[in-house]
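Q: Could you walk me through one part of this protein up close? I'd like to know what surrounds it, and I'd like the terms explained as we go.

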Amino acid sequence: MWQTYYTPTSVDEALRLLAEYGPEARIIAGGTDLLVELQRGVRRTRVLIDVTRIGGLDQVRLDDAGLVHIGPTVTHNLAVASDLLAERGFPLALACWRVGTPQLRNRGTVTGNLITASPANDTITALWALDARLTLRSVRSERILSFTDFYQGVRQTALAPDEMVTDVTFPALGSNQHGVFAKLGLRRTHAIALVNAAAVLTFDESANLRIANCELRIANQRISESTVTQAYITLGSVAPTIVRVPEAEGALVGETLSEENIAEAADLAAYVAAPIDDIRAGADYRRETVRVLVRRALTRLRDTTERTEFPTAPPMLWGCTKGRFPRLAGKTVCHRDGGTEPIECTVNGENVVVQGAGGKTLLEMLRDDLGLTGTKEGCGEGECGACTVWMDGVAVLACLVPAPRAHGTHIVTVEGLAHPPQPPLRGGEQLHPIQQAFIEEGAIQCGYCTPGFIMAGASLLEEIPHPTREQIVAGLTGNLCRCTGYYKIVRAIEKAAEGK
């Protein structure tokens with residue numbers, strides 16, 4: 001899929017490599033979109049430049065000017081876990097929670113979602129409503145673009161071949177500003193949006209809700225009686241790019257969020273939207289969905305119920321980690337497809353050195369080079385979760401991780417859960433509580449997806465020793481069981497938690 005894989009340790013080195021290789025190179029962070037494109041032949045890239053081992057790029061921070069900064073390697077789960085985003089950029093936090101599955105959110109990045117530039121991407125809609133800007137750097141210069149200037153068509157952006165997005169910023173929401181994100185897919189989780197929408201409203205100062213001990217009843221009254229002074233409404237999956245709907249925004253400015261005004265704004269949004277027919281939905285259905293989602297979003301803002309869909313303790317599948325991957329010390333590392341450059345890592349507690357895997361995925365390296373066939377290849381594109389492993393304590397999908405990314409990391413597969421460790425690369429006879437519970441509850445079904453469920457469940461229990469059933473279900477959304485054995489699987493994890 002690629003010929004050369006670089007892992008630089010500084011932004012300057014990454015930019016130098018981009019300048020050297022130009023259109024033949026591509027920045028990779030999570031790679032959850034890029035690897036699928038390479039596998040399908042949609043994109044041809046000779047050189048990948050992995051920036052995830054550069055320190056300081058996975059931070060969310062607020063500056064003195066009131067701008068929120070999102071680093072280029074901030075994953076969706078890091079965004080979900082950010083108190084700053086939950087408080088001052090809520091539409092983005094909610095959109096990130098609605099992206100994919102825990103394993104995908106542990107690798108996929110906000111910036112990568114922006115660069116993919118699909119009109120159905122959730123974070124673009126949320127950030128556009130937040131009036132975000134992107135900082136683009138190259139060895140030549142640095143420039144800051146609005147979303148209007150950055151997006152030029154379906155999967156087309158103004159990003160030059162030698163440029164890297166180094167920062168995403170937006171004005172932090174003030175005490176009189178409130179926003180929400182809404183989405184409809186073909187299923188409740190892990191779904192591409194048929195339509196998504198975001199709304200960010202600024203009210204007159206009487207709508208200040210960030211007052212200690214403010215009762216919900218009073219908060220509702222303040223919102224419903226306050227005048228909208230500014231409105232941003234954005235729609236996704238209805239046009240070649242995400243779009244704003246100024247007609248709907250104009251219907252709200254200078255008005256309160258009455259039922260009539262909300263209905264008028266929703267009708268205008270539906271009228272202005274010009275969606276296409278495709279295999280996932282017809283244009284008329286999408287137009288009606290726009291009306292419903294905009295009305296629903298504005299109603300939630302009026303009733304201050306926009307946070308009901310955002311979990312208070314979401315399962316991340318981070319185990320005992322903080323969800324951040326350690327940086328790589330030293331000089332830039334290079335691996336070539338079929339080359340002799342070693343991939344050195346720890347697998348199931350044993351140090352290994354693999355050569356010739358520079359052009360493979362982590363799944364291929366584990367199965368073909370190390371003989372660890374417990375990690376299954378199901379879909380090969382991040383849909384089923386059968387290939388779930390732990391990388392530095394974080395649950396990821398091995399089919400969407402380049403093997404060179406494993407260099408210097410600690411990998412655990414399903415074979416490594418049993419204790420005590422027994423070489424080569426496998427656990428002992430004492431099964432992990434999850435493994436034992438799966439056997440006792442008969443939760444193995446056909447067995448193909450079982451390793452993924454076990455790895456996800458074990459990670460969940462490391463993170464939340466006594467999860468609720470809701471947390472268990474949310475933690476397992478990255479795994480699909482085609483034998484419909486979900487009740488037994490959930491019960492097995494509950495039983496393991498009881499024993500723990």
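A: Here's a quick look at the whole protein, then a closer one at a helix and a strand residue. This is a predicted model, so local features need pLDDT of at least 70 and side-chain atom pairs count only at pLDDT 80 or more, while totals for chains, interfaces and linings use all residues. Residues are numbered from 1 along each chain as its sequence is written, and side-chain values use heavy atoms, with hydrogens and water left out.

The protein has 18 helices and 20 strands; both are DSSP runs numbered from the N terminus, helices being H or I with at least four residues and strands being E with at least two. The radius of gyration is 23 Å, close to the 23 Å from the globule rule for 500 residues, so the protein is as compact as a globular protein of that length. That radius is taken over C-alpha atoms, and the rule is 2.2 Å times the number of residues to the power 0.38. Of the 500 residues, 58% are buried (under 20% relative accessible area, with exposed meaning over 50% and partly exposed in between, using a 1.4 Å probe and protein chains only).

Now for helix α12. It covers residues 259-272, 14 residues in total, and spans 20 Å from first C-alpha to last, close to the 20 Å expected at 1.5 Å a residue (the expected span is 1.5 Å times one less than the number of residues). Which of its residues are buried? They are N261, I262, A265, A266, A269 and A270. Here's a handy general point: an α-helix has 3.6 residues a turn, so residues three or four places apart point the same way. As for what covers the buried residues of α12, β13 (228-236), α11 (246-252) and α13 (283-303) are among the elements involved.

Next, meet L201, which sits in strand β12 (residues 193-203). L201 is buried, at 0% relative accessibility. If you skip its neighbours within four places in sequence, its contacts (heavy atoms within 4.5 Å) are N176, Q177, H178, V228, Q230, A231, L252, L257, L298 and L301. The C-alpha atoms of L201 and T229 are 7.6 Å apart, and the two residues are 28 apart in sequence.

Zooming back out, 66% of the contacts between residues at least 6 apart in sequence join residues at least 24 apart.
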